[in-house]
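Ready for a little practice in reading interfaces? Here are some exercises, each with a worked solution.

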Protein chains: 2
Amino acid sequence: MAPAPTLDSAKPAVIRLHPHDNVIIALQDLSAGTLLPQIGAPLLQAVPRGHKIACAPIVQGAQVIRYGQIIGVATLPVAAGDHVHVHNLGMGAHDQDYAFSSDLRPLPAIDGPRYFMGYPRDDGQVGTRNYLGILTSVNCSGSVARFIAEAVERQGWLADFPHVDGVVPIVHGSGCGMSGKDEGYATLFRTLQGYARNPNFGGILLVGLGCEVMQIPDLIGTGRMRGDGNFRYMTIQQTGGTRKTIERGVAVLREMAEVANRVQRQPAGLQHLMIGMQCGGSDGYSGITANPALGAASDLLVAHGGTTILSETSEIYGAEHLLTRRAVTPEVGAKIVERIRWWEDYTARNGGEMDNNPSPGNKKGGLTTILEKSLGAVAKGGTAPLTQVYKFAEPITERGFVFMDSPGYDPCSVTGQIASGANLIAFTTGRGSVSGYKPTPCIKLATNSEMYGRMSEDMDVNCGDIIDGVTIEAKAREIFELFIRVASGEQTKSEELGFGGAEFVPWQMGAVM
Amino acid sequence: MAPAPTLDSAKPAVIRLHPHDNVIIALQDLSAGTLLPQIGAPLLQAVPRGHKIACAPIVQGAQVIRYGQIIGVATLPVAAGDHVHVHNLGMGAHDQDYAFSSDLRPLPAIDGPRYFMGYPRDDGQVGTRNYLGILTSVNCSGSVARFIAEAVERQGWLADFPHVDGVVPIVHGSGCGMSGKDEGYATLFRTLQGYARNPNFGGILLVGLGCEVMQIPDLIGTGRMRGDGNFRYMTIQQTGGTRKTIERGVAVLREMAEVANRVQRQPAGLQHLMIGMQCGGSDGYSGITANPALGAASDLLVAHGGTTILSETSEIYGAEHLLTRRAVTPEVGAKIVERIRWWEDYTARNGGEMDNNPSPGNKKGGLTTILEKSLGAVAKGGTAPLTQVYKFAEPITERGFVFMDSPGYDPCSVTGQIASGANLIAFTTGRGSVSGYKPTPCIKLATNSEMYGRMSEDMDVNCGDIIDGVTIEAKAREIFELFIRVASGEQTKSEELGFGGAEFVPWQMGAVM
Ligand SMILES: [Ca+2]
Ligand SMILES: [Ca+2]
Ligand SMILES: [Ca+2]
Ligand SMILES: [Ca+2]
Ligand SMILES: [Ca+2]
């Protein structure tokens, strides 16, 4: 008899992604007959790296659980040690059943309240940064917004305001050449209003051209754009051109800096932390390292009273049935379904379709069902109950784990999260995304050690060592502690590098006219 | 008998926009009975400012001519001195009849060839500027492109290359989160390729992230992105992150600056000038001052062998029948019609519609028909034959007066014109647009003296004095001479102010995913 196949014993052979799972994932190519301590039987077939192995018997028709969540049902009887894939795993009737609010789980226990050092705002929000923003109603005022920020920098007086983090021009490509009454207009409108309100700004100067569709009086409305009143606006046409607008803009910002500088960091409960979660340039490790680790960190923050935002609707498509199960009420669950239907219409009228099914390459890598694939993205949302569903850039008022509709496209999705109120971003990446999102700091979580080694100057946390045996729980704790430090002022890698001047990308919809 | 109504005699009472016109435009509110030297009879009715007066009898059914072009037909007999408006002017059957190539007019006579001093390129194009461009395939490399340009500026070595105008990062909001095969992808693809080829660049560094939909190998294809070979590319992921990409980008640009600096300005015939014409923030004067003056300047340039580009399809909608008449062949005319049909579909599938009909406000201001309103925009295209019709950002290869399809939205339309090859932009504005479009200089033509006075630091030419008696022909000559000086290196107002870093706005189509 041949000897039992040998393993690279310096590295774990398999990983279990959640205590409730009945499948584990091979981290190496494993031969038939391999003995694994996690399973009471030798492998019944060879299992390639990234594929699933049953760690307990699963009767035909029973649910297969990965990430602590349903990825399908056994279409045949499955024994412990069986390779689980397209031959014995299918969708079942799961995709027909939203089962609203049927899977509400308790949050992890916490030791006691935790705090971060933040900037309290008059409206009750707390900033993790204290920037002055120059918001633009239209692309046509974008250059002048930048000129104002450059003039402030040249003059050097920001050094007199140690509690102000800087002046940030928020420039984009839209605001005119559009209908003034459609969904695209409403979306940009919410986005601009949301930025004006974000607690990481200590004051906002809104600069327009004058003749644009996105009119400043409409944006301001009858109320004020900021609860603290540290808000001013001007148009280039009314002010008399570029040079005069720069001059007046700089003078106004200096007055606003006086006000913003009076706010200082104070202890704030974690209920004031709102973290936008994001995934960009994902790879085969995203779903087994960084995303589950972020999900567990999300559960920790939610247990402490904080808020985490899942988005990227196009990437969770097919796993919406799991979010509806976690919805605190059927009404909240129905909002997820409404957004999914909206997306099907949105892509259809743009000549495309929603399709998140595993590709041949996905299947080769071990992903079997659309649920499982989408769960790779949903995994960063942990297991906490879903307390509310929001449209893109809509103000988030509920605490806990929430969903904000957005494309998967990173800069656009993060823009919506910040407009909705995010004061921190947590961003998992496999290929290595480099980006920042002023005024909100962005923590980069690398999914694999190879990329982390190559791009460590851009990455804040290596989640690749989960493959080497670091537990998801330990990694989640590391991420959670970093949340608190960054929220309290510790600079992220992307902040040190100066990112955040190009990544304001409102979701553009509708015809450009 | 009452005395003849008096006029503000310091200012002209009326203006004739073209020698062939049978209507003239009131520049003041005129009372019935006013005697005008242009008409052999007193005014038969009161005529408000901006409205039309027949300067000769027009028989019922005959064409009414403004801008030297048909704006409709007389629905009643019209006498010299009659107010011409909705009561006696209608569309007739004109809107049913494309009459391809039926109105080909001779160009103005020229004194002899003229030259500008430009940068000759290997592919036969001639630049009016000599920039190094940092092109980005995706928003995710935008910040790094800016960091590279900033590092070059900080290091100061550009001073060693006196024939290089600077380093321009070309940053945008798209390139990923999109289909890789639809019209939106093809449009961005053409736009990026077109910028790489624009003769105002002496070299291009293309920077990508690595995992984006808009892949650099696809952009480069089997050929080269630039005929002169002064082209390099890199991705941030392959180069190993932000700092290494900045370091390598700066080193590569220094090598490219050596090459670009060898090119020097030389005399070039006006057949090498390609001017994108644009109108932004138009007002009641646009159609009677700056636009007709630019149109006459366009005719002058075309007579000298040069190329002018009319665009802004949504703003010429309704006047396409005049462009089809000017098309050199029915095939070229049919392309205009095809674009108009495409726009009707594009706006419909985005839940809108094409509608350029005169609004109640337009009518109060004196505009009667959709032809007349659209002609205000078409007027900047002069009267030269239409030699070809192009899609947005398609390479322009024909000389003479051409059309490139685009939205009316200024930064987007100009972006397409530059991608198509424009080495100069001429931009009329009534409300006062401030913008620049590196690498291509932009000449601002003010439509009225009030705005020019208020924003003269941003405006290159005041066309408002046409109201005071300066002829359109004289103004056209002034603009034409400025074309040659700016093409030869004279800085425009927007260049002096440093514009051009925020106005790259590719036409975004399709769903953001
Ligand atoms: Ca500071
Ligand atoms: Ca993604
Ligand atoms: Ca994403
Ligand atoms: Ca120079
Ligand atoms: Ca325009």
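**Exercise 1: inside chain A**

In this predicted model, the C-alpha centres of domain 1 and domain 3 of chain A lie 26 Å apart. Task: describe how domain 1 of chain A meets domain 3 of chain A.

Solution, step by step:
- Start with the residues: 24 from domain 1 of chain A and 28 from domain 3 of chain A take part in the contact.
- Next, the area. About 2200 Å² is buried between domain 1 and domain 3 of chain A, and carbon and sulfur atoms give 61% of that.
- Now look for salt bridges: there are 3 across this interface. One pairs Lys52(A) with Glu372(A), at 2.8 Å from N to O. That counts as a salt bridge because the cut-off is 4 Å.

**Exercise 2: between the chains**

Task: work out how chain B and chain A fit against each other, and which residues of chain B supply the area.

Solution, step by step:
- Count residues: the contact takes 59 from chain B and 59 from chain A.
- Check the area: about 4500 Å² is buried between the two chains, with 53% given by carbon and sulfur atoms.
- Find the top three: Tyr409(B), Val512(B) and Met513(B) supply 15% of what chain B buries against chain A, more than any other three residues.
- Turn to charges: chain B and chain A share 2 salt bridges. In one of them, Arg243(A) pairs up with Glu457(B), and the closest N and O atoms are 2.6 Å apart.
- Finish with polar contacts: 26 residue pairs, both at pLDDT 80 or more, make them across this interface.

How values were computed: Residues are numbered from 1 along each chain as its sequence is written. Chains are lettered from A and ligands numbered from 1 in the order in which they are written. This is a predicted model: local features need pLDDT of at least 70, side-chain atom pairs count only at pLDDT 80 or more; totals for chains, interfaces and linings use all residues. Side-chain values use heavy atoms; hydrogens and water are left out. Contact means heavy atoms within 4.5 Å. Buried area is the accessible area (1.4 Å probe) that two parts lose on being put together, summed over both. A salt bridge is a side-chain nitrogen of Lys or Arg within 4 Å of a carboxyl oxygen of Asp or Glu. A polar contact is a pair of N or O atoms within 3.5 Å; within protein, one must be able to donate a hydrogen and the other to accept it, and residues adjacent in sequence count only if both atoms are side-chain atoms. Domain bounds come from an automatic or database domain assignment.
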